[in-house]
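Here are some quick notes to go with the model below. Have a look at it first, then read on.

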Amino acid sequence: MDAWRDTHLSIATTFLQKQANAGTGRPSPTEHHSPEAVCQSLEALCAQDLERVHLLQLNIADMREMENMLKRYGCFPPEIICEVFSYLLKPCGPPGQDFCNAVATCRWWRRVATGNANFWTRIRANNPTLARASAERSRNRGLHIVLQDAKCDVDAVVDALAPHSHRIESIHVRHSNALVIADFFCKLNVAAPNLHSLSIHSTRVSVDRLVIPSVFAGHTPSLRCLDLDNVALSTTSAFTSGMVELHLRNTSIPLPAILDILDLCTNLQILTIHGYHLWGDEDQVSADRVVNLPSLREFLLDTQPISDSDLLVSHISLPEPAVLRIEVDSMLDEDFVLPDLADLPCATGIRRLELTWDATTQTASIRGSRSSNSTEQHLVPDVDIAVRGADRLLDAVPQGELPFDASGVEVLVVNSACGAQERGFTKWPDLLRYLPAVKTLRLREPNVPTAVSLLDTLAEGTAAPTGPGGADAFRLAFCPALERLEMRGFAWHTDIERGMIRMVTERWRGAPGVLREVRVGEAQGAPDGTFAFPQGNGNENDSPVQLIVFSAG
């Protein structure tokens, strides 16, 4: 018994001595030989070992959980994994970071991703290594190239893409460094027979435009859409009769050159010309030169000054189905007038007119449509004119004169005529004198001055002699064919009520039986119900006007 004790005591003493020499801070066992001291030291060491074992067990559990998770992901069939990749891919852009992270999940997922050519057809050209790998993984699929603001090794990118130029279907370049853009296209100057869409945007702030000598060696027979922003091409080889979309923004192309380009693109369906032009005498062309675009469906024109916009429109023959969208800035022209569109086919026969003023963007819009359907809220207009810098609706229609013949308009819709301004829109006579055939008039969100001014204008008239000995007849001054008036989204006021009664009474006197209904909706504080006025005089043809009121509640 004594031998066993001495043996284990010697072992414990030796262990404690090693711990003390290692700098544990415990007293040397040679100084404490009592069994109690040895037992306490051994218990402390045992507790430390148990803690280490517990931590190791937790690490093992985490590793096993990760292993099980990877095994579960690795069991997914390729169809499910492809659905995950498709969800992570952007609809119209190259693979992003989320897609790349998913590919790195495990070997199985990477194998599935690299085996599907459709995942690698959209290439971000800023990374030459990924561009080369994507071009190889896409096999024989069409390629869509994106080059955006980032550090770019143009030589390496061109080396990766040039062997696959016959598969490139679209290129979108948006960069602030004009040298990078010019270098990219000069070095990638190889034929691209399947290129359908080309977009080049130079985002630098400069008065000088970027001129690219040539793109793809002038061989782009399949090009259908060309979008240039602050960029110009020195040759016209890219402009062909097969092109259906052409967008020229801030290109500063002279007027004769624009007409020459349009002469080549005879099948255009969408045309955009945007930017500041100041065409001098050297840019003038013969007045009888007209470019015919029989397939054009939409023409967006946003140029300054407006007189030059008129000049451009006068040299383009638009088909009747085309939609003309014009954006002008009233702040840039000292003597602001709307462009004259009276002779354009798409601006003739307008039967519905919608005027809108947006106080947030300070923009007034004029939309004309050849359809007179008064119930459709979202008609595609045949003419759409936006006037920026308008602090009220009157700025869009100076002196009330419209840019096209409005004598046949049957439906007039006025939205937010006054907005937050207290003065409102009070120039109704200037506007309505050009609209003699209006049958339905809608006024939305007016303030009190706007609504009262409209009612007073509709009540105006003059006395006209009927003949020798006859009493003078009252003849309405504006909108004699008006059948329906609708006002919505305003606060009811006694001035509006008095103006409405006077308007109905005078119009009944000037054109009995024409005005049939006045509808008031979403009018805060208005009495709900259906009313009839004025009272009939016993004549069966003397039917009262119906007033229908729905308050804001």
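**Notes on the predicted model**

1. Starting with helix α7 (residues 154–161): its buried residues are V154, V157, V158, A160 and L161. They sit on the same side of α7, because the arc they cover around the axis is only 160°. That fits the usual helix geometry: with 3.6 residues a turn, residues three or four places apart point the same way. As for what lies over the buried residues of α7, the cover includes β1 (122–124), α6 (128–137), β2 (143–148) and α8. Bear in mind throughout that this is a predicted model.

2. Helix α8 turns up again in the largest nonpolar core, which has 114 residues. The members that touch the most other members are I171, F184, F185, L246, L432 and L435. By element, α8 (residues 178–187) gives the most to this core, with 6 residues. There is also another core lying apart from it, made of 13 residues, with I81, L89, F99 and A113 among them. As background, nonpolar side chains tend to be buried together in soluble globular proteins.

3. F185 is worth a click in the viewer. Which residues is F185 in contact with, once its neighbours within four places in sequence are left aside? The list runs I171, V173, L198, I200, I212, S214, V215 and F216. I171 is thus a contact of F185, and both are among the residues that touch the most other members of the 114-residue core.

4. On cysteines: how many disulfides does the structure hold? The count is 0. Two cysteines to look at are C39 and C100. C39 has 38% relative accessibility, so it counts as partly exposed. C100 comes out at 32% and therefore also counts as partly exposed.

5. P256 lies in helix α9 (residues 255–264). Is P256 buried or partly exposed? With a relative accessible area of 22%, P256 is partly exposed; the cut-off for buried is under 20%. The C-alpha atom of P256 is 7.2 Å from that of Q284, and the two residues are 28 apart along the chain.

6. Finally, the overall numbers. The protein has 553 residues, of which 44% count as buried, and its secondary structure comes to 13 helices and 24 strands. Among contacts with a separation of 6 or more, 68% are between residues 24 or more positions apart. The exposed area is about 28000 Å², with carbon and sulfur atoms supplying 52% of it.

How values were computed. Residues are numbered from 1 along each chain as its sequence is written. This is a predicted model: local features need pLDDT of at least 70, side-chain atom pairs count only at pLDDT 80 or more; totals for chains, interfaces and linings use all residues. Side-chain values use heavy atoms; hydrogens and water are left out. A nonpolar core is a set of buried Ala, Val, Leu, Ile, Met, Phe, Trp, Tyr and Cys residues joined through side-chain atoms within 4.5 Å. Buried means under 20% relative accessible area, exposed over 50%, partly exposed in between (1.4 Å probe, protein chains only). Helices (H or I, at least four residues) and strands (E, at least two) are DSSP runs, numbered from the N terminus. Contact means heavy atoms within 4.5 Å. The arc is that of the directions from the helix axis to the C-beta atoms. A disulfide is a pair of cysteine sulfur atoms within 2.5 Å. Accessible areas come from the Shrake-Rupley method with a 1.4 Å probe; for residues, only the protein chains shown count as cover.
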